[in-house]
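Welcome, and please open your viewer. We will go from one selection to the next, with a short look at each stop.

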Amino acid sequence: MLSEDKYFRDLTVAKLWQRYCGFLDLSIGEFIDIQEELLMDQIERVADSLLGKKIMGNQKPESVEEFRRIVPLTTYDDYEPYLSEQREDALAVKPRLWCHSSGRGGYFKWIPYGSEFLEKVTRTCIAALVLATAGQKGRVNVSPGVRILVILPPAPYTSGSMFQAVAQHLSFQAIPDPEKTQSLDFQERIREGFHMALRDGVDIIGAIASVLVRIGEEFSEATQSIRFSWALLHPRIIYRLSQAWLRSKREKRPMLPKDLWPAKAILTGGVDTAIYTEDVAKYWGHSPHEFYAATESFFLAVQGWNRKCLTFVPDLVFFEFIPYEEQREYKDDNDYQPATVLLDEVEEEKLYEVVITQFYGMPLLRYRMGDIIKVTAMEDKEAGVKLPQIVFQRRVGENINLGGLAELDEKIIWQAIANTGIRFADWSACKEYKGNQTFIRLYIELKEQRETEEIETMIDEQLKIVDTDYKDIESYLDLKPVRVTLLQPGTFQRYMEEKRKEGADLAHLKPAHVNPTERDIQRLLELSRMVTEK
Amino acid sequence: MINPISNASYLLPPLAVTALCLALAIVVWYKSNRISSRKIFCGVLLSVGLWSFLTFGMRSSPDVNQAVLWLRAILVIGLAIYILYYHFTVVYTNAKGQRIILVAAYAYVILGTALVPTNLVVEGTRWENYGYAPVMGPMGIPLTISGLLFIGLAIRNLLRQHHDSQAYEERTRIRYLIIAVLFPLLGAILDGFTNLPPASIWGNLIFCIICTVAILKYNLLDIRIVARKSLAYLLVSILIAIPYIAILYSLHYISEAKLEPWWVHPIIILLLAIVLRPLYSWAQHLIDRLFYRDRYDYLRALEQFSREAQSIVNLKELSSTLTRLVSSALRTSSACLLLPSESDNGFVSASATGLGNPTSGVALKNSSLLIKWLKLQQRILSSEELNIVPQLQSLSLRERNNLEQIGAKLYIPIFTAPDQLSGILVLGQKLSQQTYSSEERQLLTALSGQMAMALENARLYAASQQEVDERKRAEQALRESEEKYRALVENSPNLVVVYQDGHFTYVNRAACNKLGWTYEELTSPSFDAVEKLASEGSRHIVRENIAKRLRGEYIPPYEINMKTRVGSEFPVLVYGGAISYGEKPANEYNFVDITERKQAEAQVRESEIRYRLLAESISDVIWTVDINAPTQLTYISPSVTRLLGYTVEEATSKKMEEVFTPESFEIAMKALAEEMAIEGREQAKLYRSRILELQMNCKDGSVVPVEVRYSFVRGLDERSDQILAIGRDITERKRAEEELRQSHEQLRNLSAHIESARETERTSIAREVHDELGQALTALKMELSWMNKRLPKDQEALIKKTGEMSNLIGTTIQTVKRISTELRPGVLDDLGLMAAIEWQVQEFQERTRTKCELTAEGEDMNLGRDLATAVFRILQETLTNVARHANATRVKVSLKKGGGQLVLQVRDNGKGITKKQIAHPKSFGLIGMRERVRSWKGSVKIDGISGKGTIVTVSIPLNREE
């Protein structure tokens, strides 16, 4: 019997909740106590390792304050070439597996994971599943054997590796079976997954919010004319189809994914979750449950059962935060060591860059994640959480500064576009200068016929609503800072196909939403022209 | 026969059971918390309620024909109860793979429902003396037995869960559920196979109550406790019943009298209960012994311990007794008592039982999350909770290992005050491999209170014992101190005497030896000490001071001359003080022979004269100032006249601000303030000095540069009250420095000129080599090719040779190109700096296989030929250094133009240049870089961080260029 299955067998519901979600009941003092205890343990473990010595020198901090004072802030370059060469002799603990990121910054980041850390990650993963399905405090609607539909890249990508690691501690049914669908491409795996879910049912669906919405839209259009297929002639599929048909007829609407795959919860991660919350709920029956994850530690924060804000997990990494003002002021000075604050020192409505120190002998010390988070509240009374509540804001550098008056990031721009109600395929935005004036240039591919000026006006109006700073630009500068370039339908699709042919990695199939490279923009424009000429 | 229909005891029970089941169903539904199993059990309760109501219907039927209809309905519901109970156990135990059986079970109910209306199951009803009884059909018994099979399956589910579960409460709950189901089974068997009055109704009622309590109550009573208590009371009842019956029998036998009235009986029973009260304790003990066998004895031993513990005052003995007894009483594999460490930084193992090598050192730190949790929660903690409570899940690896080493399963905190954790009793696994029951935990909680008291007593005793020891030690130290003092005085080279009642009462050995008198003579009351020991000139001083001392005045140390028995005199310094001697007031005098000091003082005086002569004869000017008035000279050497033209008197009368120029005075005062601040610190160096270059005003109005060395003049006590300054004329040195600077400047200009000329030469050579030599070689190669084609085909040797020559020329052309490019990359002249840097970076990357990134910011990089060449050469030099020394894997080059500056930065992730390497006089590359940048009024900053890399930043102002 797997280790976590035993807990589900032996513990009462109350104790299960406490084991997995009890950290949400901690006071800030207790949270800091846990962090300090594990940090001192971590220092003890890594002090004699090669990488530990490289970062900390021959010093062994005796307290948290000393650690923060004498250990410099680090980036991935500080651990090179040990991590990219997977040098286990440089680590404090022997890793059980090595994972790499999706290579967003242009190159892979390899991170080793020890057994102890993976156990804690598994527990947090189960916590996320429990919270996603709970609906109220203290309810545990997950049990071993839970059916999870997740489309993930395979190991050694972090997400794929983690899914495998979780499977070694908790028995669950992965849909589609990763082993059987390993050779299929992403789209085929999605198709196979939903087919399997149609036959066997599904409890939890994990995917990117915008992908779920797109599937929902396409599904509701396609169900107007369902094509017969022999694969549908399975008794269980027939049963599920009839149930879904009856349900949609009863509610006098077209059939939606939630009728066919009535899951207990939808798990998502990424900046688009907040933007598509309502659409996901409309198509899939539940608003999405979000978590904040990264290659460096997988889970950093999870949402409470009420699916509002994120709460940091106390026992995976030690958290420090660089106040955004300081981060922005010295962003070009690589030698400057900005001061950090701990979770009990953060302030409401302020932005911070996240700095982590991994626990359990893992190598990253005072590591700058490059993520900007926003503290939205100091507690969540509804969920009974007494810890600061946060949202993920953006990656460092993924923002467009308009003349120092407003800062637009991926979330804000995406939200504004979504709020216009225009049907679009994809978009990309960057900063543009004309004389001494700054603009935001939006390259967008629409799924409907609209005029450029109309789109500019709509997005401008929505940006004024979404971002209060943006609202003032027009009055100060007497200009409308949005410039739109409409791309021909199919441009992004062609771009992705081109990239796929080049053998690009999953994360590089699409251009970045904010500040794409000049080359990417040129290519998009060329492809758009080619589509027009055709 | 009594008509049962009119009998209330026959009719009312089913109604009462119906009402009770409905009430229980409501309670369970209300407490169900949306738990599926509870909802199903609610269905069971409602079914039993319905079944009871139907029973009431049957019993109240006027005839057998009507009764049989009710009976058939009863049977259908009865089947439903079996299946619902089975369904309940499937959901409750989360039993896997029973879906098909469940479907079959409900199919069975449907089948039963279909069969019941026929005569196959029930043929009819008959009258019995208690009421209606069923007349079963041929299918009646098989249908009932097959229903019982599902109950069997339900019991099997529960037994499996009981086996798998580790939680004590859960296991107890399941035991109740299993026992409960036996009652309706018994009732059904009795009703089905005997002619006894109906028992099912009571069986069902008991079943409902037990199950409801089992499901809803969290901490159920241990069944063994229930049985134990019941047996104890039964035994007591028997004990009371025997004399009671004996009394009745005796009365009846003796006088055939009956006890009247009726209330006499309860009074007798009550009296017997009171009289036989001690028997109850005995019965309880008897039963306890029966149930707990040897553990009972240990429990008794524990009780004994709680009495005896108060008398054990030795902490170690107490700890060891405690762990041993608890371990034996609860039959645990190990027990360990953690007590606060002596340094009070955590808890250490004070005693242990059943552990091979208990952990040494601090097992749990005070800051441990476990300690914090125990202090906050103040309750027993089980090791399972370490995996449940969030704080405890995060215990450090070291502490987890420590706890594992002591085999911890249960932690019992011991509090001596509500917030004072005085110890932790850690118990290991029970020998029976069972978990600790609630009763055992209660026992341990109670015991922890007693332990706390015992430990506190022992600790207080230890503290008082320590206090006594310390006092003894202090007394001993005092004695030793006195002895040491006496020895010190006795062996002192000084003359020590005690003067009391007008004569010496004590003199030390040195006094006797030095003065030449015996101890007895000196301490004789008739010995006139002043007359015989003070020199003639000192006697009046001594007498005056004695008189003053008698008046209670303070006498500072003073000098006199003493004389010996033979009349020789010697100077002494006299210290005196009032003491208690022989518990009477006295004066102690200490005479220090200062003959040698006097001689030394004379030598110092001579030396001072010599030094003064020396100071006055050297060319440097020496002066001193008072530390408290640093602007006022206290001494200045005559050489001042030579330097400034002032006489000594003139110079002494001047203030320092007049002697120095205003700037120099300010510098000197600032330095003085800093030095005074350093002087205030404990770790200040005593003989430090500070050198300043200052300017002094001459009498003729000119200014002379001087180098002044300041230092503090210290006395024997190392305190300073004077500042000594030595000023040296550095006019010549300054002139030499200026000449040197001019020479450097010329050299630098020359170097720049040479560099420029070299660059021009390089460009010229590169062009010549490329254009002339390269073209000539190309032409030669073409000629050769022409010749090769025209050679007769039979001249193979010639053809081969010309081919080889052609290849050689080709190689030479490549070499010429390379030399030309290395001398001066054409791209720099043709396409400008940016293109040249891009080329250089690319070339570096290919040549060294080191990843090199280039970023450029700013407008155009059109800088002019000379500056572009300088920047390019600096980059070349830097990259050469990276390739040679840095051992880097990544290099970032950035070039920024803006804000009137050009900034070139080269950053690598290599081993990092050291300060020594930066400053090394033979780092010609770096020197060359600095020189190039200096000629453009720019700066070079080189930072190396060990293990992280080197950053070279070159900044050149652009205004000159623009």
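How much area does chain B expose, and what share of it do carbon and sulfur atoms supply? Select chain B and show its surface: about 54000 Å² is exposed, with 58% supplied by carbon and sulfur atoms. Keep in mind along the way that this is a predicted model.

**Stop 1: chain B as a whole**

Switch to a cartoon view of chain B, where you can trace 32 helices and 23 strands. The chain has 962 residues, and 40% of them count as buried. Among its contacts between residues at least 6 apart in sequence, 57% join residues at least 24 apart.

**Stop 2: where chain B meets chain A**

Now show both chains. At their interface, 29 residues of chain B are in contact with 29 residues of chain A. The two chains bury about 2600 Å² between them, and 47% of that is on carbon and sulfur atoms.

Which kinds of link cross over here? There are three salt bridges across the interface, and ten residue pairs are in polar contact. On the chain B side, the elements giving two or more residues are α13 (369–377), α14 (390–393), α15 (397–405) and β20 (890–898). By class, that side has ten nonpolar, ten polar and nine charged residues.

Select A:Asp77 and B:Lys892 as sticks: their side chains meet in a salt bridge, at 3.9 Å from N to O.

**Stop 3: helix α13 of chain B**

Which residues of α13(B) are buried? Select B:Leu369, B:Leu370, B:Ile371, B:Trp373 and B:Leu374 to see them. At the N-terminal end of this helix, look for B:Ser368, which caps it with a side-chain oxygen 3.1 Å from the backbone nitrogen of B:Leu370. Following the helix is B:Gln378, whose phi is positive, near 50 degrees.

**Stop 4: a buried threonine in chain A**

Move to A:Thr357, in strand β11 (residues 351–358) of chain A. Is A:Thr357 buried or exposed? Its relative accessibility is 0%, so A:Thr357 counts as buried. A polar atom of its side chain lies 2.9 Å from the backbone nitrogen of A:Arg366. Show what surrounds A:Thr357 and, beyond its neighbours within four places in sequence, you will find contacts including A:Leu39, A:Phe67, A:Val317, A:Phe318 and A:Leu364.

**Stop 5: charged pairs**

Side chains of opposite charge can pair when their charged atoms come close. Over all chains, the count comes to 61 salt bridges. Here are some to select.

- A:Lys60 and A:Glu44 meet at 3.4 Å, N to O. A:Lys60 lies in the loop between α4 (50–56) and α5 (64–70) of chain A and A:Glu44 in helix α3 (residues 28–46), so the pair ties together parts 16 residues apart in sequence. A:Lys60 is partly exposed at 36%, and A:Glu44 is partly exposed at 47%.
- A:Glu88 and A:Lys94 form a salt bridge with their closest N and O atoms 3.0 Å apart. A:Glu88 is partly exposed, with a relative accessible area of 31%, whereas A:Lys94 counts as exposed at 65%.
- B:Glu531 and B:Arg543 meet at 3.2 Å, N to O. B:Glu531 sits in helix α19 (residues 529–533) and B:Arg543 in helix α20 (residues 539–550) of chain B, twelve residues apart. B:Glu531 is partly exposed at 34%, as is B:Arg543 at 42%.

For the last selection, take B:Glu693, B:Glu707, B:Arg733, B:Lys734 and B:Glu737 together: salt bridges that share partners join them into one network.

Technical notes: Residues are numbered from 1 along each chain as its sequence is written. Chains are lettered from A and ligands numbered from 1 in the order in which they are written. This is a predicted model: local features need pLDDT of at least 70, side-chain atom pairs count only at pLDDT 80 or more; totals for chains, interfaces and linings use all residues. Side-chain values use heavy atoms; hydrogens and water are left out. Contact means heavy atoms within 4.5 Å. Buried area is the accessible area (1.4 Å probe) that two parts lose on being put together, summed over both. A salt bridge is a side-chain nitrogen of Lys or Arg within 4 Å of a carboxyl oxygen of Asp or Glu. A polar contact is a pair of N or O atoms within 3.5 Å; within protein, one must be able to donate a hydrogen and the other to accept it, and residues adjacent in sequence count only if both atoms are side-chain atoms. Helices (H or I, at least four residues) and strands (E, at least two) are DSSP runs, numbered from the N terminus. Ala, Val, Leu, Ile, Met, Phe, Trp, Tyr, Cys and Pro count as nonpolar, Asp, Glu, Lys and Arg as charged, and the others, Gly among them, as polar. Buried means under 20% relative accessible area, exposed over 50%, partly exposed in between (1.4 Å probe, protein chains only). Accessible areas come from the Shrake-Rupley method with a 1.4 Å probe; for residues, only the protein chains shown count as cover.
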